[in-house]
Amino acid sequence: GLAGSPRPAVPHGVARARLPVAAVAEETVAEDTWAGAETWSKAFAEPEAIFEINRIKEILPHRYPFLLVDKVIEFEAGKRCVGVKKVTSNEEFFNGHFPQRPIMPGVLQVEAMAQVGGLVALQEPITDGKGDFFFAGVNNVKWRRPVVPGDTLVMEMELTAFKAKFGLVKMKGVAYVDGQKVVEGDFQFAMVK
């Protein structure tokens, strides 16, 4: 129906996911129950990538099936980054975790967040991009809900400390699906040349 008006009942045999009211085209009349691909596509509109996958591969050493960042949509050099992981049913880990109820393993959510952190730490002004970036610790990790096929994991990592003399980086991270927090934690990394 029209934005702000009640939506008509879906006729027998027609199934529809919930569409945000703001995404329904104003031309839609109350009798029309079909949103159509164009309306859904507008509702799913993706932010433009600041770093697309090829740029991410230039920075991170990870590759399939362990590269867990598809694009970067916000970046502040030396400070913070927002990266996106599209979770699909084709992910290798879903073959065993769990076949009847696929859930993205929590440790891989943390790994994906660490890779977003790597996009900050493996570039100027933190480093020259040479060397490796390893976990030194993860603390205060809390999972809030499962991440499943079809979810878009939006992760933010922010630098909280950098000790150049020791090659230590500390970051705070949080990730969301559909605006709901799914995981958060404190990360420590060691830079090794």
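Start by selecting Asn140: with a relative accessibility of 52%, this residue counts as exposed, because exposed means over 50%. Keep in mind as you look around that this is a predicted model. Asn140 sits in strand β3. Its backbone deserves a look too: Asn140 is not a glycine, yet its phi is positive, at about 55°.

Next, select Asp178 for another backbone of this kind. Asp178 has a positive phi of about 50° and is not a glycine either. You will find Asp178 in the loop between β5 and β6. Is Asp178 buried or exposed? Asp178 is exposed, its relative accessible area being 72%.

**The sheet**

Now widen the view to the strands. In what order do the six strands of the open sheet follow one another? Going across, the order is β1-β2-β4-β5-β6-β3, and the pairing is antiparallel. As a rule, it is backbone hydrogen bonds that pair the strands of a sheet, in either a parallel or an antiparallel way.

Colour residues 71–76 and 132–143 to mark the edges: these are β1 and β3, and each of them pairs on one side only. Asn140, where the tour began, is therefore in an edge strand, since its place is in β3, exposed at 52% relative accessibility. If you turn the sheet, look at how its strands lie: neighbours are turned by 20° against each other on average, direction ignored.

Stay at the β1 edge and add residues 80–86, which make up β2. The strands β1 and β2 run antiparallel, and five bridges join them. To see one pair of residues, pick Glu76, whose bridge partner in β2 is Arg80.

**The helix on the sheet**

Select residues 106–121 to bring up helix α3, which packs on the sheet. Which strands does α3 touch? The helix touches β1, β2, β3, β4 (152–163), β5 (168–177) and β6 (180–192). Compare α3 with β3 and you will see that their directions make an angle of about 130°.

**Two cis peptide bonds**

For the last stops, zoom in on the backbone again. Go to Tyr64 and Pro65: the peptide bond from Tyr64 to Pro65 is cis, with omega near 0°. Pro65 belongs to the loop between α2 (53–59) and β1.

Then move to His97 and Phe98. The peptide bond leading from His97 to Phe98 is cis as well, with omega near -10°. Phe98 has its place in the loop between β2 and α3.

Key
Residues numbered from 1 in each chain as written. Predicted model: local features only at pLDDT ≥ 70, side-chain atom pairs only at ≥ 80, totals over all residues. Heavy atoms only, no water. Pairing = 2+ DSSP bridges. Helix = DSSP H or I, 4+ residues; strand = E, 2+ residues; numbered from the N terminus. Axes fitted to C-alpha atoms, helices over the stretch in contact; angles between N-to-C directions. Contact = heavy atoms within 4.5 Å. Buried < 20%, exposed > 50% of the residue type's maximum accessible area, 1.4 Å probe, protein only.
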